[in-house]
Amino acid sequence: MDLPISLYGSAVQEGEIYYFTSDCPVGVANHMHVCVKRHGKILFLSTCSSQTDTAIRLAMVRNWDLNTFPVFMNDTQNKFKKPTYINCNNLVEMTEEDFSEYRAKGYIKKSENDGFIDEQGLAIIAKGIKLSTQIEDEIKDLF
């Protein structure tokens, strides 16, 4: 049974992976994003990318801790097709209502393979967020 569109945002679970299309006005277009935290009606999502060499170069150029780009190998839970990093230096913050609207318009889609990040993986991401110099302390305190 499908959920009413207005409930899409309230149904998001931490660890779920979503794809943001080129039309999505937030996040990184044509990339997957994982819901790393729910805080009331606010969702925090972080970008996923399989271009791990880009993450290493970015960390080196900006002098960021490499632990802020944890890499996940493909497994039966996340179902990534190749090694994929999560960018802990840039969180997308949105309300449940905005998420529902973007899903209804097709800007955000559930990952085609229904992958997710487990609790252990979310703990690794939380560590990366706490190590980031780009995330505000008020947000770090949520993790």
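**An antiparallel sheet, its covering helix and its largest pocket**

Strand 1 (residues 17-20) and strand 2 (residues 31-39) are joined by four bridges and pair in the antiparallel sense. The model described here is a predicted one. Across this first pairing, Ile-17 faces Val-34 of strand 2. The two strands belong to an open sheet of six strands, arranged in the order 4-5-3-2-1-6 with antiparallel pairing. Its edges are formed by strand 4 (71-72) and strand 6 (108-110), each of which pairs on one side only. Helix 3 (residues 96-104) packs on this sheet and touches strand 1, strand 2, strand 3 (42-49), strand 5 (84-95) and strand 6. The direction of helix 3 makes about 105 degrees with that of strand 5. As general background, the strands of a sheet pair through backbone hydrogen bonds, in either a parallel or an antiparallel manner.

From strand 2, the sheet can be followed towards strand 4. Strand 2 and strand 3 run antiparallel and are joined by seven bridges; within this pairing, His-33 stands opposite Thr-47 of strand 3. The two strands form a hairpin with two residues between them. Gly-40 lies in that turn and has a positive phi of about 65 degrees. On the next step along the sheet, seven bridges connect strand 3 with strand 5, again in an antiparallel arrangement. Two partnerships illustrate how these strands are matched: Ile-42 has Thr-95 of strand 5 as its bridge partner, and Phe-44 is paired with Glu-93 of strand 5. Strand 5 also pairs with strand 4, in the antiparallel sense and over two bridges. Here Val-71 has Tyr-85 of strand 5 as its bridge partner.

How covered are the strands of this part of the sheet? For strand 3, seven of the eight residues are buried, so this strand is largely enclosed by the rest of the structure. Strand 5 is mostly covered too, with nine of its 12 residues buried.

Two loop residues deserve a look for their backbone geometry. Most residues other than glycine have a negative phi. Asn-30, in the loop between strand 1 and strand 2, has a positive phi near 60 degrees. Lys-79, placed in the loop between strand 4 and strand 5, likewise has a positive phi, near 55 degrees. Are these two residues buried or partly exposed? Asn-30 counts as partly exposed because its relative accessibility is 41%, a value between the 20% and 50% cut-offs. Lys-79 is partly exposed as well, with a relative accessible area of 38%.

Asn-30 also appears in the description of the largest pocket, which holds about 400 Å³ of space. The pocket is lined by 18 residues, and those closest to its centre are Tyr-19, Asn-30, His-31, Met-32 and Lys-81. Strand 2, strand 3 and strand 6 are the elements that each give two or more residues to the lining. What classes of residue make up the lining of this pocket? By class, the lining has four nonpolar, eight polar and six charged residues. The pocket thus brings the account back to the sheet, with strand 2 and strand 3 among the elements that contribute to its lining and also joined to each other by seven bridges.

Key
Residues numbered from 1 in each chain as written. Predicted model: local features only at pLDDT ≥ 70, side-chain atom pairs only at ≥ 80, totals over all residues. Heavy atoms only, no water. Pairing = 2+ DSSP bridges. Contact = heavy atoms within 4.5 Å. Axes fitted to C-alpha atoms, helices over the stretch in contact; angles between N-to-C directions. 1 Å grid on protein atoms, 1.4 Å probe; cavity = no way out; pocket = protein on both sides within 12 Å on 5 of 7 lines; lining within 4 Å. Points joined across faces, edges and corners; volume = space filled by probe spheres on them. Nonpolar A, V, L, I, M, F, W, Y, C, P; charged D, E, K, R; others polar. Buried < 20%, exposed > 50% of the residue type's maximum accessible area, 1.4 Å probe, protein only.
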